[in-house]
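Please look at the sequence and the three-dimensional structure shown below. The paragraphs after it go through the parts in turn.

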Amino acid sequence: MRFHVVKRDNCPLWKKLGLYLLAVAVALTLGGLVLLALDVDPMAYYSRMFTMGMVGNKIAYKTFENYLKVFVPLALTSVALSLAFKMRFWNIGGEGQFILGAIAAATVAFKLGSALPAPLTLILMCLAAMLAAGLYGALVAVLKVKFGTNETLMTLMLNYIALYFVTFLGETQADWNFFLDKTSVRPIFASFAKTVSFPRIPMGKFGLNICVILTFLIGILVFIYLKYTKHGYEIAVVGDSVGTARYAGMKVDRIVLRTVFLSACLIGLASAFKVGTAGVLSTSITDDVGWTGIIVAWLSQLNTAAIFVVSALIGVLHYGSTVAAATFARVDSSFANMLQGVILFLVLAADFYTRFKIVPVQKGGNSHGNG
Amino acid sequence: MAEQYAIEMRGITKTFGSVVANHDISLNLRKGEILALLGENGSGKTTLMNMLSGIYKPDAGEILVEGKPAAIDSPEDAKKLGIGMVHQHFKLVDVFSAADNIWMGKEKAGFRLKKSRYAEIGRMVKKFGFELDPQKLVRNMAVSEKQTLEIIKVLYYGAKVIILDEPTAVLTVQEIEKLFRVLHRMRDEGHSIIIITHKLNEVMELSDRVAILRKGEYITTVNTAETNEQELTEWMVGRKIDLNIQRPPMEKARPLLEIRDLTIRSDEGATAIDHVNFYIRGGEILGVAGIAGCGQKELCEAIAGLRPVQSGLMIHKGDNIVGLSPKAILEKGISMSFIPEDRLGMGLAPSLSITDNMILKNYSQAKGPFVDRKGGRADAEHVIRELEVVTPSADTPVRRLSGGNVQKVLLGREIKAGPNVIVTAYPVRGLDINSSYAIYNILNQQKKDGVGILFVGEDLDVMMALCDKILVLCHGKVMGVVHADKTTKEELGLMMTGALDLSHKYMDKPAGYARDTNITAEELEKLAQTKEQEEK
């Protein structure tokens, strides 16, 4: 019997979701095998990971607050990246833009935090971060528009420049370096949490950080922007066919610059949220959201609503694994990264089956020859 | 005993999703015959042949080669069975020489590239009676040379059965005659040939038998000598059809668009359009004939403002439009639609819906920051109804539509905007008879409304029937402007290859100058000055 691949017609949504769930289940099973090899009970580990240790925990609200701290930058970065991806501009420089935004926000906090009222400082932090990240992203867009450089390579390389810059700031003790804690002998970043921090809306013991609300709000705005505005329409056309966009009289260069700037700005805002909540700079400030955001944006197929769902789930994976690592010392928290990779791989495989099916070749058919 | 065929296909079915490309098709190819496979676009000719050459696998049915069942899983299998296909889009490596293109697919070619390969392939070329330099790089070849190379390649691999997919689409009249001579000789040497086409005159001239497909179904096979064009059309289309193209006579109007001494560079910086003159009157269709890549694309792009002009004038209703932005030219009522080879590259955004494509050129006119999809949807539904576009809905992405419907959407949008000049390149490229005639009717209707139409085409028969005048380009130069009803195919063919230059046929003025020009003396003087400077 011979088999071959055949195109599938419109795959119903329930089948699609079923296939994706199956992919996740298979990924978890594979992860379970690794856990078994480490002599850890997979069920116990997974239940701890997926509940993030909140069940039977007196300070579960605290856990959820911390989880949201992971969720907000990831969701916002993914939304920002989807803007550029929709235009088929492969911005993989989320990391670098995030770091630069964080440095700018921290600078404002250190320099103006003690002089200005807190709300004003926070707004200035956001604006500074957006500007810094936006320009860092727009630089690549300018080079692409002017000289036709490859944005994937450029954004990738700029990531490392930003990373080594923040490392340099973190390791250089000098009079000018206001980022470091002056009282410490070893070079460590100073905290500004006491002067400025994003406010929380108290709901009983639980405090809802204002960043969460803002993130959802921006998500809705981006959704409308992409779907209903002229700008969003231009992004879709440029992404689909640059030739057609020019033909329609669009100023393609301007659209590319504008969209990339906006995309990077939102990444900067995500970093301001992160820094403004943590109250301290760090070399690992990004938490890899620049990378993970790419995966989230693709898993959601650039659908803004789906991005929120997927980043919530990936957030559970990441934060849950850190929590579980406390109980299961044998399993490092980077287990989440491995699991995330396997899930991405299998979901992409499932995607293939939503578009194709494999069927056996049939023999026969009526013969009415022309001889 | 039953006759043994070179190829027997039995009950072949192939589906792509819900689209049945081939349904239960049976086809036999005799040894040493030329079989024409005739059918409209989308009737499944190429799909069927791709299954013979191992590119697709049938869902059902079997293939017999020399009477023995064969499993053709890959082009490699087809090659071993002696089946070779010359595709419509050539499969050649541009930076390789002719010999290396053949060599790389050869079995037991050895690890080392030997010098002797040129001599060996040169001998081979002579043996089959072709002319081709084995050392010439593919990228330096003309289209007809590339096709020759493809045929030699297939023969070199020892093909007994040769399939050609629309081989004449890219050739001039003279080159077609040469190709037909080659095919006849190959047949006489014992090769079996299948030629895919939808051109009836070629079928009549070339083939021994004709097999007809319609909408993925096998209709019949007849001996060419016992049939005629009318009968074949009816089988192909499924009903009687009038094969005459209308050419409504019109009153002479003032020139709408005048091109004077226009020079344009190609992407590579070479001169694509070389001091070209022509004009279009309102209510006139001016055809542009020329071998593919003779500057047609650059000319269309320049008129639409998408390509910078080196020198010359483009006068639209008395205003020079050189240097204006695409948007400004659009607003003057000049519409350009170019159907490239992939049919989607310019003018449409393939992943976007019909509605979204409708608003492409006027989305910015909506008030406020939002796009007006309501108006776009109404326009889309109007075009779908008026031009009989086959689509599930106005929200269907354009890429899901078949070629004819894509082109109707494009032309529908252009006409809806109410232009006064329509530049259209290859509007019937790859369309079946029905859709082509629908497009000709649309253009004629526009002509009656007083629109000036520049029709860049490839089928000389069509252009001679539809256009009022035909401008012939050869390597970016005008070879002359002739009246479509007074010229012959041979004359056009000679002009296209540059063998005949009629650009100074009339003593008093060069071809393409309007007697009642709108160009002012001042502008002409300026033009003459720049020309003088150029010559210095």
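What follows starts with one chain, goes on to the other, and ends with the contact between the two.

The model is a predicted one. In chain A the secondary structure amounts to 13 helices and 4 strands. The C-alpha trace of chain A measures about 95 × 60 × 40 Å along its principal axes. Of the 371 residues in chain A, 40% are buried. Contacts in chain A that join residues at least 6 apart in sequence can be sorted by separation, and 75% of them are between residues at least 24 apart.

A useful place to begin is helix α6 of chain A, which runs over residues 151-171. This helix has 21 residues, and from its first C-alpha to its last it reaches 30 Å, close to the 30 Å expected at 1.5 Å a residue. Which residues of α6(A) are buried? They are A:E151, A:T155, A:L158, A:N159, A:A162 and A:V166. These residues cover an arc of only 120 degrees around the axis, so they lie on the same side of α6(A). The other side of α6(A) carries exposed residues, namely A:L153, A:M157, A:Y160, A:Y164, A:T167 and A:F168. The buried residues of α6(A) are covered by elements that include α4 (94-112), α5 (118-147) and α11 (289-299) of chain A.

Helix α11 of chain A, one of those covering elements, deserves a look of its own. Is α11(A) largely enclosed or largely in the open, and why? Of its 11 residues, 9 are buried, and therefore α11(A) is largely enclosed by the rest of the structure. The buried residues of α11(A) are A:V289, A:G290, A:T292, A:G293, A:I294, A:I295, A:V296, A:A297 and A:L299. They pack against α3, α4, α6, α10 (252-278), α12 (304-327) and α13 (335-355) of chain A. After α11(A) comes A:Q301, which has a positive phi, near 50 degrees.

Strand β1 of chain A, residues 3-7, lies largely in the open, because the number of its 5 residues that are buried is 0. It is joined by 5 bridges to strand β4 (residues 356-360) of chain A, and the two run antiparallel. Within this pair, A:K7 stands opposite A:F356 in β4(A).

Helix α3 of chain A covers residues 60-86 and contains A:N66. With 14 other C-beta atoms within 10 Å, A:N66 is partly exposed. In sequence A:N66 and A:K15 are 51 residues apart, and in space their C-alpha atoms are 35 Å apart.

Chain B is next. It is divided into domain 1 (7-237), domain 2 (255-333 + 419-535) and domain 3 (350-418). The centres of domain 2 and domain 3 of chain B, taken over C-alpha atoms, are separated by 28 Å. Where these domains touch, domain 2 of chain B gives 12 residues and domain 3 of chain B gives 10 residues. On the domain 2 side, the largest share, 5 residues, comes from helix α14 (residues 433-448) of chain B. That side of domain 2 of chain B is made up of 8 nonpolar, 3 polar and 1 charged residues.

Chain B also holds an open sheet of 4 strands with antiparallel pairing, in the order β12-β11-β14-β15. At its edges stand β12 (271-281) and β15 (319-320) of chain B; each has a single partner strand, so one side of each is left without a neighbour in the sheet. Strand β11 (residues 255-265) and strand β14 (residues 311-316) of chain B pair in the antiparallel sense over 5 bridges. In β14(B), B:M314 is the bridge partner of B:I259.

The last step is the contact between the chains. How many residues of chain B are in contact with chain A? There are 41, and they meet 30 residues of chain A. On the chain B side, the elements giving two or more residues are β1 (7-16), β2 (19-29), β4 (60-65) and α10 (326-331) of chain B. The largest share of that side, 5 residues, comes from β1(B). By type, the side of chain B that touches chain A has 19 nonpolar, 14 polar and 8 charged residues.

How values were computed:
Residues numbered from 1 in each chain as written. Chains lettered and ligands numbered in written order. Predicted model: local features only at pLDDT ≥ 70, side-chain atom pairs only at ≥ 80, totals over all residues. Pairing = 2+ DSSP bridges. Buried ≥ 20, exposed ≤ 12 C-beta atoms within 10 Å, placed from the backbone. Contact = placed C-beta atoms within 7 Å. Domains from an automatic or database assignment. Nonpolar A, V, L, I, M, F, W, Y, C, P; charged D, E, K, R; others polar. Expected span 1.5 Å × (residues − 1). Arc of directions from axis to C-beta.
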